[in-house]
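Biologist: Could you take me on a close look at one part of this model, the largest pocket, and then at what surrounds it? I would enjoy one connected account that I can follow with the structure open.

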Amino acid sequence: MTTRPGVAESATAPPALDNTALLALDNASPCLAAAWHPVAASAEVGDQPVGVLLLDRPWVLVRLDGEVRAFEDRCPHRLAPLSAGSVAGGRLVCRYHGWAFEAGGACTRLPANREAGPLPS
């Protein structure tokens, strides 16, 4: 075996890579959830909600306060898809019951509640 000057010759070969774990990795693998993933170009997110899939889960992208925001694509009230809703008054509004969510995700309007009444926490 030929060695380069200044590099010690190894008595053993490096271990072979085990690609088994890599072969089992797919788009729904939980270990991918902690990473950033592109799901749409910024130009694709206009003034209305856009539904996307990420790791086999539905998400809705919406531009609020000039920035793209991502929410789980389900209204907490009846699990209706928020991607079927609209943007009104700077909030994401559920199409089915009118619940409205601000850019940080807080619910700011419940139509069944009086407009002046407090929102449940």
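Modeller: Happy to! The largest pocket holds about 440 Å³ of space. Please keep in mind throughout that this is a predicted model. The pocket has a lining of 17 residues, and those that lie nearest its centre are A35, H37, L54, W59 and A70. If you colour the chain by secondary structure, you will find that β1, β2 and β3 are the elements that give two or more residues to this lining. By character, the lining divides into 13 nonpolar residues, two polar ones and two charged ones.

Since those strands matter for the view, let us see how they are put together. Together β1, β2 and β3 make an open sheet, in the order β1-β2-β3 and with antiparallel pairing. The strands β1 and β3 stand at the edges; each has a single partner strand, so one side of each is left without a neighbour in the sheet. On average, and with direction ignored, neighbouring strands here are turned by 35° against each other.

Now walk along the sheet. Strand β1 covers residues 50-54 and strand β2 covers residues 57-64; the two run antiparallel and are joined by five bridges. Two of the partners are handy for finding the register: V50 has L61 as its bridge partner in β2, and G51 has V60. Between β1 and β2 there are two residues, which makes the pair a hairpin, and in its turn L55 has a positive phi of about 55°. You have already met L54 and W59, which are among the residues nearest the centre of the pocket; by number, L54 falls in the β1 range and W59 in the β2 range.

The next step across the sheet is from β2 to β3, which spans residues 67-72; here too the pairing is antiparallel, this time over six bridges. One place to check this by eye is R63, which stands opposite V68 in β3. Again the two strands form a hairpin with two residues between them, and D65 in the turn has a positive phi of about 55°. A70, another of the residues nearest the pocket centre, lies within the residue range of β3.

Let us zoom out for a moment. The chain has one helix and seven strands, and from the N terminus on its elements run α-β-β-β-β-β-β-β. Of its 121 residues, 21% count as buried.

The other strands bring us to a second sheet. β4, β5, β6 and β7 form an open sheet in the order β4-β5-β6-β7, with antiparallel pairing. Its edges are β4 (86-88) and β7 (107-109), and each of these has a single partner strand, so one side of each is left without a neighbour in the sheet. β4 runs antiparallel to β5 (residues 91-93), and three bridges join them. Within that pair, A88 stands opposite R91 in β5.

At the other edge, R109 sits in strand β7. With a relative accessible area of 28%, R109 is partly exposed. R109 and V93 are 16 residues apart along the chain, and their C-alpha atoms are separated by 8.8 Å. Then comes L110, in the segment after β7. L110 counts as buried because its relative accessibility is 13%, below the 20% cut-off for that class. L110 also lies 6.7 Å from G98, C-alpha to C-alpha, although the two are twelve residues apart in sequence.

Last, you may be wondering about the cysteines. A disulfide is a covalent bond between the sulfur atoms of two cysteines. This structure holds zero disulfides. For C75, the closest cysteine sulfur is in C94, at 3.9 Å, which is too far for a bond, since a disulfide needs the two sulfur atoms within 2.5 Å. C75 is itself buried, with a relative accessible area of 1%. For C107, the closest cysteine sulfur is the one in C75, and at 7.3 Å this is also too far for a bond. C107 counts as partly exposed, at 26% relative accessibility.

To return to your starting point, the pocket is lined by 17 residues, with β1, β2 and β3 as the elements that give two or more of them.

Technical notes:
Residues numbered from 1 in each chain as written. Predicted model: local features only at pLDDT ≥ 70, side-chain atom pairs only at ≥ 80, totals over all residues. Heavy atoms only, no water. Pairing = 2+ DSSP bridges. Helix = DSSP H or I, 4+ residues; strand = E, 2+ residues; numbered from the N terminus. Axes fitted to C-alpha atoms, helices over the stretch in contact; angles between N-to-C directions. Buried < 20%, exposed > 50% of the residue type's maximum accessible area, 1.4 Å probe, protein only. 1 Å grid on protein atoms, 1.4 Å probe; cavity = no way out; pocket = protein on both sides within 12 Å on 5 of 7 lines; lining within 4 Å. Points joined across faces, edges and corners; volume = space filled by probe spheres on them. Nonpolar A, V, L, I, M, F, W, Y, C, P; charged D, E, K, R; others polar.
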